[in-house]
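Got the viewer open? Let's take a short walk through this model, one selection at a time.

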Amino acid sequence: MTAVAVSPRVRALPLRCRNCGAETDAAPVAICAECLGPLEPRYDAARRLPTREEIASRGPSLWRYREWLPLEGDPPYSPDTGFTPLVEVPRLAPLLGVARVWVKNDAVSHPSLSFKDRVVAAAINAAAAFGLDTVGCASTGNLANAVAAQAARAGLPAWIFIPDNLEYGKVVGTSVYAPNLVRIRGTYDDVNRLCAQVADRFGWGIVNVNLRSYYGEGSKTFAFEIAEQLGWRFPTAVVAPMAGGSLVSKLGKGFREFLSAGLVEGELPRLYGAQASGCAPIVRLVERGDGQLIPEIPDTIARSIAIGSPADGAYAAESIRQSGGWAASVSDAELVRGILLLAETAGIFTETAGGVTLASALELARQGHFRPNDEVVLCITGNGLKTVEALSGSLGEAPVLAPRLRDVADLVARTSPSSR
Amino acid sequence: MSVTLSLPAVLTRLTDGARTIEASGATVGDVVSDVAGRFPQLGPRLRDEQGNPYSFVTFYLNDEDIRFTGGFATVVRDGDELIIVPAIAGG
Ligand SMILES: Cc1ncc(COP(=O)(O)O)c(C=O)c1O
Ligand SMILES: [Zn+2]
C-alpha cells in the first residue's frame, strides 16, 4: 500500500464490537481484536437528526440519510447512488393473498444495476477516509460490478475476485471498467476465504472484508427509502433475498433506527428471507432455530446469492425470527417462473435473486405466513439483463416475417385474442 | 504429523507476532491443542470451553473448510497447511 493523503473532507466513525462491546477507533478493520466478533460503527447518540421535511428537501440519493451512514463530513465519491423507485404491483396482491404489494426496484440502481451500489457507496468513502489507494472485493457478481464501476469513477485501482463460473453479463459488467479482475477456480466461499487472506497481506480496502463494518451500513438505506416512499410508514412485511445475510439484517436495523428517531410510528415490519434451495443455509437455520449455521456447497443457478458459508447467517436468522417473520427457499425452476411472473405483472426484469424473492414470497403465502390485510414489499435487488442465461429455453422464439403487411395480418389473426 | 498453522493478522498479537506456527498432532483437534498449550492466550480464540471450534473462526485444511471433513476429528498429514480465517469476513 502506498498511503495517499487521507481525504480531509470525510471521516469514518469509530467502531464497537457487536459481540463483546469492545470499542476501537475508526479503522479499516472489521473484526474485534478481543473476540473476533463483528465491529459496527458507533454513532453519536446525541447527534442532531433531521426531520421528515429536511430529509425530503435533500437530493434523491442515499446521502439524504447521511446521519445514519458511518461517515462524517463530505463523502467525495458516488454522490448519486440510491433512491430507486418503489412500484406498486396490484396484480401480485391476489396471488400472495394480501392487501397490497410493492417492488422496491434496485434493478435500476445507479450505477451498476443492483443494490450492491449502496454498500459500495458507503465503503468507497470509508476507503477515502482512511486514505486507502486501492479497493477490492470478493464477489458473486453484483458486488464486482459495483466496486468496478464506482472505483473507475473515483479513479481508484481495484482488485476484484470472483468464482470462475459466473454469468457472462456479470463478468463483462465488471471488466468493462478495467479493474484487475481475477477468476478463482472454486465456489464463492473459496474466493471469500482467499480475500480474507488477501486483505491481511495487502493494505487494500476490500469492501466486504476489512471495510465490512462501513459497507454493511449502506444496506440500511434500502429500508429508509421504503419507509419514506410509503409516506413515512412501514409495510407489514418485507421479503428479501439472502446471500451473506447482511441485507436482511440491515433492513431490520434501518427500520428500527427510523422508529427510534420518531420518523415513523407503528409496528416494525416482519422480515422474510429468501434463498434458492440449492443453497439455503440461512433458511434452514431459521427453520431449525438452533443458532448453529450448517454450511453448504452451493448448487443453484442463483449464483448471486450462492454463499454456502454466510458471514452474517446467524445474525440474519436472528433478525428474521425476532421480527416475527420466516424464511423460504425455492427450486431453480420456481425461481425462473418468479422472474417471468415479475416481468409479466410488474414490467420489471430481475435477475435470478429477484426470481428467488418473488417465488419465495409465493411459497411463504402457500405456507400461510401472510394475512389478508398485509402490505408487502418485495426487495428486488438486481437486474435481469445480467443473468439472461437463466431464461434459456423458457421464452418462445419470436416469429420472423417478411416486411409485408399481409403476413402481419395473418399472424395477428392466428394469435389468441387474450394476448393480442 | 507436522502441520503449518497460518493465523490472521488480528491474532498475531497473541503469538508474539508469529504469523505461522509449526505444530503437530494426528487430527486438526490435536494440532489446535498443541498450539493452545504453547500459546495459552491464543487457545480460547481457536476452541471454546467444550473443546469445539471457536465460533468466530473458520478452519481450512489445505484450503478445505473442515466443517465438511469432520471438524476437529479431521485427520492431518505431514506437511499439511491449516489456515485460520475470521468467520465474519466477506460475503
Ligand atoms: C442481487 C443480490 N441480491 C441479494 C444479495 C444478498 O446480499 P447479502 O449478502 O447482503 O445477503 C446479493 C449478494 O450478493 C445480490 O447480489
Ligand atoms: Zn469483541
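Why does ligand 1 lie between domain 1 and domain 2 of chain A? Because both domains give residues to the shell around ligand 1. Keep in mind as you click along that this is a predicted model.

**Stop 1: the two domains.** Colour chain A by its domain assignment: domain 1 is 10-78 + 115-215, and domain 2 is 86-112 + 217-391. Their centres, taken over C-alpha atoms, are 21 Å apart. Now show the residues where they touch: 42 residues of domain 1 are in contact with 43 residues of domain 2.

**Stop 2: the ligand.** Select ligand 1 and bring chain B into view too, since ligand 1 also lies between chains A and B. Switch on a cavity display if your viewer has one; ligand 1 sits in the largest cavity.

**Stop 3: the shell.** Next, select whatever lies within 4 Å of ligand 1. You should pick up 17 residues, and the closest are Asn142(A), Gly244(A), Gly245(A), Leu247(A) and Thr381(A). Colour the shell by class and you get seven nonpolar, eight polar and two charged residues.

**Stop 4: the oxygen atoms of the ligand.** Which residue has a side-chain N or O atom 2.8 Å from an oxygen atom of ligand 1? That's Asn142(A), which you already met among the closest residues of the shell. Move on to Ala243(A), where a polar backbone atom is 2.9 Å from an oxygen atom of ligand 1. Then pick Thr140(A): a polar atom of its side chain lies 3.3 Å from a ligand oxygen.

**Last stop: the surface.** How much of the accessible area of ligand 1 does the protein cover? Show the ligand on its own and it has 400 Å² of accessible area; put the protein back and 98% of that is covered.

Terms used: Residues numbered from 1 in each chain as written. Chains lettered and ligands numbered in written order. Predicted model: local features only at pLDDT ≥ 70, side-chain atom pairs only at ≥ 80, totals over all residues. Heavy atoms only, no water. Polar contact = N/O pair within 3.5 Å; in protein donor to acceptor, adjacent residues only side chain to side chain. Areas by Shrake-Rupley, 256 points an atom, 1.4 Å probe, with all protein chains shown as cover. 1 Å grid on protein atoms, 1.4 Å probe; cavity = no way out; pocket = protein on both sides within 12 Å on 5 of 7 lines; lining within 4 Å. Sits in = over half its atoms within 2 Å of the grid points. Nonpolar A, V, L, I, M, F, W, Y, C, P; charged D, E, K, R; others polar. Domains from an automatic or database assignment. Contact = heavy atoms within 4.5 Å.
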